[in-house]
Amino acid sequence: MKQFGNILLAAPGSVIAGMVVLILLAIYPASNIKTDFNLEGFYPETDPVIEDYDLLENEFGRDDNSILIGFASDSIFSTTVLQDIKELTSRFEDIQYIESVRSLTNTQKIENSNDRLRFSPYIEQIPDSDSALAELKRSVTDDPFANGLLINSDGSATAFVLTINEEKNTYPNRNLIIDSVNDILDEYSGTYEFHKSGIPYFRNQYVNLLNGEIFIYIGLSSVLIILLLWYLYRSVWGVLFPMIIVWTTLLFTLAIIHLSGGYLEIMSSTIAPILLCVGVADAIHMISKFDDARESGMKKKESILEMLQTLGSATFLTSVTTAIGFASLLSSSVMPMAKFGGYTAVGVLLAYVVTIFFLPVALAKSKKSRVFDEKSSSVYPLISRALTRVSAINKLHYKKILLAAFGGTLLITFGIREVDVNGKVFDDLGEETELMQDSRFFSEQLAPQFPLEFIIDTGSPESALRLELMQRLETFEEYLLSYPEIERVAGLHQLIKEVHSTLDPDDSAGRALPGSDSAVSQYVLLLEINGAEELTRLVDFDYSKLRVTAFTEDAGSKRINEMRDEIRDYLNNNFREEVTMTGTTVLSADLTDKIVYSLSWSILIAILAISLIMTMLFKNVRMVVISLVPNIIPLLVIASVMGFLNVDIKPSTAVIFTIALGIAVDDSIHYLARFRIEHQRSGSMSRALTTTTINTGRAIIITSLILVAGFGTLITSAFTSTAMMGILVCSTITAALIADLFVLPSLFYWLKPELSIKNVSGSPSVQQNVSSEPTRQHLSQ
C-alpha cells in the first residue's frame with residue numbers, strides 16, 4: 001500500500017483528471033437507467049413456473065394486459081349514466097395501443113334468431129323507459145360473463161376493460177395510455193369517482209412511485225448525512241470528501257447497471273441508501289486515521305501513507321467481506337434478488353476503489369492540516385470518554401456481558417418463532433395509497449382481479465368438446481367457488497350452457513349442459529361461425545386444450561399455496577388429463593418459497609466465506625468463532641423484531657437479512673483488522689483491545705449514526721415493506737454496534753485465542769497467549 005500511495009502522490013492532478021473524465025462518461029448511462037416491475041422477471045427463463053405461464057400466453061394470450069376502470073352509482077341503469085358509459089367507451093377505443101374496450105354499452109348477448117345463434121349488443125339503443133331499463137339490468141346482471149367483470153350483482157358498480165395490444169404492452173406505452181385515460185376521466189371527475197386497476201396499471205404506477213422515492217431516498221439521505229457530518233466534525237472538507245466519494249460511487253454503480261442491461265425495481269431501489277452509507281463509512285475510517293497521524297506529529301505525506309498502510313488493506317478486507325455478503329445472493333434463483341446482490345457487491349467494491357484513489361490525492365491537494373475538526377464538537381469527547389469506560393467494563397465484566405448476550409439471544413428466539421413466509425401482490429403498498437384503495441374497490445364491488453389459471457390438455461384434437469369433460473368442469477367450478485377467496489370462475493362449460501339455454505330453453509331451465517357430445521360440438525361450431533371472442537379465450541384452435549380461470553383475492557402466498565396443494569389433489573383425483581396451474585397469482589405465490597430457499601443458501605455461503613477469510617487472516621479457529629458471533633446476533637435480532645411486529649418474509653423484506661449481515665460484517669471486520677494491527681505492534685491483547693475499542697469504536701459509532709440517518713429515510717416510504725426495512729435495518733445497526741463494542745471484546749477475554757505476533761520492527765513471529773491480565777496503568781487509560 002505504501003508503494004501504491006507513492007504512485008498516487010507522484011501525480012495527484014492526473015488521478016483527479018482521470019476521475020473527472022470517468023464521471024463525465026458515467027453521467028449519460030446513469031441518467032438513462034430505467035425502472036420496471038413484472039413478476040416474470042423474478043424467474044429465470046427456464047424455470048418450470050415460467051414455462052407454464054408461457055404455455056398460457058402462447059395458447060390463450062396473457063392474463064395481464066387489461067386495465068380496469070370502474071365506478072359505483074345507484075343509477076347506472078339510467079339513460080344519463082348509460083350515455084356517459086357509451087361516450088367513455090368510444091373515447092377509450094380511440095386511445096393509441098388499446099386493442100379493444102368492453103363495457104356495458106357494447107357487451108354482447110346470445111340470441112336465438114329462428115333457431116340460429118346470433119350475437120348482438122345488450123344495448124343497441126339506450127332505452128328511455130323505466131321498464132326497459134329494469135329489463136336491461138336484469139339481463140346484464142344475470143349474464144355470467146358480465147357479472148363480476150362489467151357489472152356487480154345488484155347493478156350498483158360497473159367497469160370498463162381496456163385490453164392493450166400485446167406487442168405494444170411496454171412501460172412507456174402504458175404510461176401514454178394511463179395519461180390519456182386520466183385526461184378523459186378528468187372531464188367526468190365531478191360526476192363520478194373513478195377507480196383504476198389491472199396488472200398493467202399497477203405495474204406502471206408502482207414503477208412511477210418507485211422512481212419518485214429513489215430520488216427522495218438519495219436526496220433525503222444525503223441531506224441527513226451532510227447535517228450529521230457537519231454536526232460531528234464542523235468541517236467543510238469533512239463533509240465534502242465523504243459525499244464526493246459516495247455520489248461518485250452511486251453514479252458509477254447506476255452506469256454499470258444500465259450498461260449491463262439492468263434496471264431498478266423494488267429490491268435494487270435500496271442500493272442507493274446502502275452505498276451512501278457504506279461509502280461514507282469507508283471515508284470516515286480512513287480520514288480519522290489520517291487525522292490521528294497528523295495529530296501525532298507526522299507530515300501530510302507521511303500521514304497519507306500511514307493511512308493507506310494501516311487502513312488500506314483493512315478497508316479492502318471489509319469491502320470484500322461486505323461484498324461477499326451481498327454477492328452470495330447471486331446464488332438465488334429469484335432474479336431481482338440475484339441482481340440486487342450482484343450490483344450492490346459491485347457498488348461496495350467501487351466505493352473502496354473510489355475512496356482509495358480519490359482520498360489520498362484530495363488530501364494531498366487540500367491545504368488544511370486536518371480534515372475533521374473533532375475538538376469543536378461536544379459529541380467527540382463524550383464518545384471518547386464513553387468508549388474508555390466501555391473498554392474497562394469489558395475487561396472486568398466480560399463473563400457477565402457474555403451471559404447477558406446469551407440470555408438475550410434466548411429471549412429473542414420467541415420472536416423468531418412468530419416469523420412467517422407470506423407475500424401478497426399488493427403487499428408493498430400502504431392501505432391509504434390510491435392503488436390499494438382502487439384495488440379494494442374492485443374486490444369489494446365487482447370481483448377480485450387476480451387470476452388463477454388452469455390449462456386442461458386432453459392430448460388430442462376435438463377431445464376438449466366431450467360432454468363428460470364439460471360436466472367435470474361444472475363440478476370443478478362448484479369446488480373452486482367453495483373457497484371464500486374465489487369469487488368468480490370462467491370456463492367453456494359456462495359458454496356452452498349459455499348457448500344451450502338460448503337455443504333450447506325448454507331443456508335448459510336454469511342453464512344446464514346439453515345432453516350429448518354432438519350438441520356440445522354443434523354449439524362450439526356455431527360460436528366459431530359467429531366469431532365469438534370468448535371462445536378463443538377458453539379453448540385452443542384444435543379443441544385439445546381448455547382454459548379455466550378462477551379470480552381470487554390477494555390472499556397471500558401462504559394461503560394461495562395451501563389452496564394450490566388442495567386443488568392439485570382434487571385435480572389428480574378427478575382429471576386424467578394433464579392440468580397445468582399457472583397465472584400471475586401462481587407466479588406471485590411461488591416466489592416466496594424460492595426466496596426463503598435462496599436466502600438460506602446465500603446467508604450460509606456468506607458465513608462460510610467470512611469464516612474462511614478469518615481463518616486466513618488470523619490462522620486460529622477460535623478467531624473464527626469470535627468473528628462470527630457478533631455477525632450472527634444482528635441476524636437473530638432482525639428475525640425476532642420481524643416476528644414481534646408480524647412482518648412476514650417476502651420478496652421485498654428477504655433482502656433485509658443480507659443487508660444486516662453486510663452491515664454487521666463491515667463493522668466487525670474493521671474492529672478485527674485494527675485489533676490485528678495493534679496487537680502486532682504491542683504484543684498485548686489488553687492494550688490492543690483498548691486502543692481498538694477507543695479509536696475504531698469511535699469510527700464505528702459515527703458510521704452507525706450515519707447508517708441510521710441513511711436507512712432511516714426509508715421509513716418515509718409509501719411502500720410498507722421499504723418503510724419496515726428502514727425500521728429493521730436501524731434495529732440491526734443498533735444490535736451490531738452493541739455486539740461489536742461489548743460482545744466482540746468480551747469473547748477475546750473469554751476464549752483467549754493464541755495469535756501469531758509480528759512486531760512492527762519486523763522481528764520473527766512468536767505464538768503468544770493473549771490471556772494476560774491488563775495492568776493497573778492500562779486500566780486507567
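The expected span of a helix is 1.5 Å times one less than its number of residues. Helix H6, residues 171-186 of this predicted model, has 16 residues and reaches 22 Å from its first C-alpha to its last, close to the 22 Å expected. Several of its residues are buried, namely Tyr171, Asn173, Arg174, Asn175, Ile177, Ile178, Val181, Ile184 and Leu185. The elements that cover these buried residues include helix H4 (79-93) and helix H7 (199-233), together with strands S1 (66-72), S2 (98-102), S5 (157-164) and S6 (195-197).

Further along the chain, strand S9 spans residues 545-552, and 8 of its 8 residues are buried. In a regular strand the side chains alternate between the two faces of the sheet. In S9, one side carries Lys545, Arg547, Thr549 and Phe551, while the other carries Leu546, Val548, Ala550 and Thr552; both faces are covered. S9 has pairing partners. Strand S7 (residues 450-457) runs antiparallel to S9 and is joined to it by 8 bridges, with Asp457 standing opposite Lys545. Strand S8 (residues 486-490) also pairs with S9 in the antiparallel sense, over 4 bridges, and here Arg488 stands opposite Phe551.

The aromatic side chains give another view of the packing. The structure holds 17 aromatic pairs. One of them is formed by Phe241 and Phe358, which meet edge-to-face with 6.0 Å from centre to centre and 85° between the planes. Because Phe241 belongs to helix H8 (residues 236-259) and Phe358 to helix H11 (residues 335-365), this pair ties together parts that are 117 residues apart in sequence. Both Phe241 and Phe358 are buried.

Another pair involves strand S7, already met as a partner of S9. The ring centres of Phe454 and Phe476 are 5.1 Å apart and their planes stand at 80°, so this pair is edge-to-face. Phe454 is in strand S7 and Phe476 in helix H14 (residues 467-481), 22 residues apart, and the pair links distant parts of the chain. Buried means under 20% relative accessible area; Phe454, at 0%, is therefore buried, and Phe476 counts as buried because its relative accessibility is 1%. These two residues belong to one aromatic cluster with Tyr479, Tyr483, Tyr570 and Phe575.

Helix H14 also takes part in charged contacts. Of the 22 salt bridges counted, one is between Arg472 and Glu468, whose side chains meet at 2.5 Å, N to O. Both residues lie in helix H14, 4 residues apart, about one turn of the helix. Arg472 is buried, with a relative accessible area of 12%, whereas Glu468 counts as partly exposed at 31%.

Glu468 forms a salt bridge with Arg466 as well, the closest N and O atoms being 2.9 Å apart. Arg466 is partly exposed, at 21% relative accessible area. Arg466 in turn forms a salt bridge with Glu577, with 3.1 Å between the closest N and O atoms. Arg466 lies in the loop between S7 and H14, and Glu577 in the loop between helix H18 (557-574) and strand S10 (578-582), so this salt bridge ties together parts that are 111 residues apart in sequence. Glu577 is buried, with a relative accessible area of 9%. Arg466, Glu468, Arg472 and Glu577 are linked, along with Arg576, in a network of salt bridges.

Definitions and conventions
Residues numbered from 1 in each chain as written. Predicted model: local features only at pLDDT ≥ 70, side-chain atom pairs only at ≥ 80, totals over all residues. Heavy atoms only, no water. Helix = DSSP H or I, 4+ residues; strand = E, 2+ residues; numbered from the N terminus. Buried < 20%, exposed > 50% of the residue type's maximum accessible area, 1.4 Å probe, protein only. Contact = heavy atoms within 4.5 Å. Pairing = 2+ DSSP bridges. Phe/Tyr/Trp six-rings, centres within 6.5 Å; stacked < 30°, edge-to-face > 60°. Salt bridge = Lys/Arg side-chain N within 4 Å of Asp/Glu carboxyl O.
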